[in-house]
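Q: Please take a close look at one buried position in this model and work outward from there to the packing around it. Give the cut-offs behind each term as you go.

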Amino acid sequence: DRDVTGVQTCALPIYPGRAADTAARAVRLARRAGDAAAVALAEQAWGTSLLQGGAVDAAMRHLRRAAAGGGAVGRSARRKLAYALVQRGRLAAALHEVDTVLSELRGSAGPEYAVVLAQRAVIRYQAGKLTDAYTDSQAAIPALRRFDDRLSLERALVNREIGRASCRERV
């Protein structure tokens, strides 16, 4: 069977609290089957589970592997990798990852572009690039409204106001 992404699907038992183990098994099975798309998706799942568990460095290894697969899975992995890099204080590297995603989406007017733009704004605020961050927020917010992505919109609005407050404090 194939799911909507075209990735070969198989039933794996999922045990609460063992997402990383399940993802590791999925990677092995996908490699054995020679399914590169499934490997990338499983690597992303593995990296995500490690990231959520606080194993940031290990997560970054798996997210990099998933990002190398390209496409939607690769873009998603790069965004999570950027999040991990921010946690490690590597803001320039995080900006590089989101800029790579934005360049892949260049010309897109879709919701993914707006969400990534909002993510870049947050990283730019943290890097002290307040004007650029504000510009990104201002571009992302109307698009998020248009796509009715309420969660991303609320995050972007809050982050924009935090950025505004930071600008006022520096004056």
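A: Ala114 has a relative accessible area of 2% and is therefore buried, where buried means under 20% relative accessible area, exposed over 50% and partly exposed in between, with a 1.4 Å probe and protein chains only. The model is a predicted one, in which local features need pLDDT of at least 70 and side-chain atom pairs count only at pLDDT 80 or more, while totals for chains, interfaces and linings use all residues. Residues are numbered from 1 along each chain as its sequence is written, and side-chain values use heavy atoms, with hydrogens and water left out.

Ala114 lies in helix 6; helices (H or I, at least four residues) and strands (E, at least two) are DSSP runs, numbered from the N terminus. Not counting residues up to four places away in sequence, Ala114 touches Ala140, Ala143 and Leu144, contact meaning heavy atoms within 4.5 Å. From C-alpha to C-alpha, Ala114 is 8.9 Å from Ser152, and the two are 38 residues apart in sequence.

One of these partners, Ala140, lies in helix 7. Ala140 has a relative accessible area of 0%, so this residue is buried. With its neighbours within four places in sequence left aside, Ala140 is in contact with Ala114, Leu117 and Ala118. The C-alpha atoms of Ala140 and Ala118 are 5.6 Å apart in space, with the two positions 22 residues apart in sequence numbering.

After helix 7, the loop between helix 7 and helix 8 holds Asp148. Asp148 has a phi near 55°, which is positive in a residue other than glycine. Most residues other than glycine have a negative phi.

The wider setting is the largest nonpolar core. A nonpolar core is a set of buried Ala, Val, Leu, Ile, Met, Phe, Trp, Tyr and Cys residues joined through side-chain atoms within 4.5 Å. The largest one has 39 residues, and those that touch the most other members are Trp46, Leu51, Met60, Val98, Val116, Ile123 and Leu144. At least two residues of this core come from each of helix 1 (19-33), helix 2 (36-52), helix 3 (56-68), helix 4 (71-87), helix 5 (91-105), helix 6 (111-126), helix 7 (130-146) and helix 8 (150-170). In soluble globular proteins, nonpolar side chains tend to be buried together. Val98 touches Ala82, Val116, Gln119, Arg120 and Ile123, again not counting residues up to four places away in sequence.

Other positions can be read in the same way. Ala59 is in helix 3, and its relative accessible area of 0% makes it buried. Beyond four places in sequence, Ala59 touches Gly47, Leu50 and Leu51. The C-alpha atoms of Ala59 and Ala84 are separated by 7.8 Å, at 25 residues apart along the chain.

Helix 2 also holds Thr48 and Ser49. Thr48 counts as buried at 15% relative accessibility, and Ser49 counts as buried at 15% relative accessibility. Outside its neighbours within four places in sequence, Thr48 is in contact with Leu63 and Lys80. Ser49, with residues up to four places away not counted, touches Ala19 and Ala20.

Ser103, in helix 5, is partly exposed because its relative accessible area is 42%. Ser103 and Tyr113 are ten residues apart in sequence, and their C-alpha atoms are 9.6 Å apart in space.

Helix 6 also contributes to the largest pocket: helix 2, helix 4, helix 6 and helix 8 are the elements that give two or more residues to its lining. On a 1 Å grid over the protein atoms alone, a pocket is an open set of points where a 1.4 Å probe fits, with protein on both sides within 12 Å along at least five of seven lines, and lining residues have an atom within 4 Å of a point. The lining has 19 residues, with Arg79, Tyr83, Gln119, Val122 and Arg155 nearest the centre of the pocket.

For the protein as a whole, there are eight helices and zero strands. Of its 171 residues, 42% count as buried. Among contacts between residues at least 6 apart in sequence, 42% join residues at least 24 apart.
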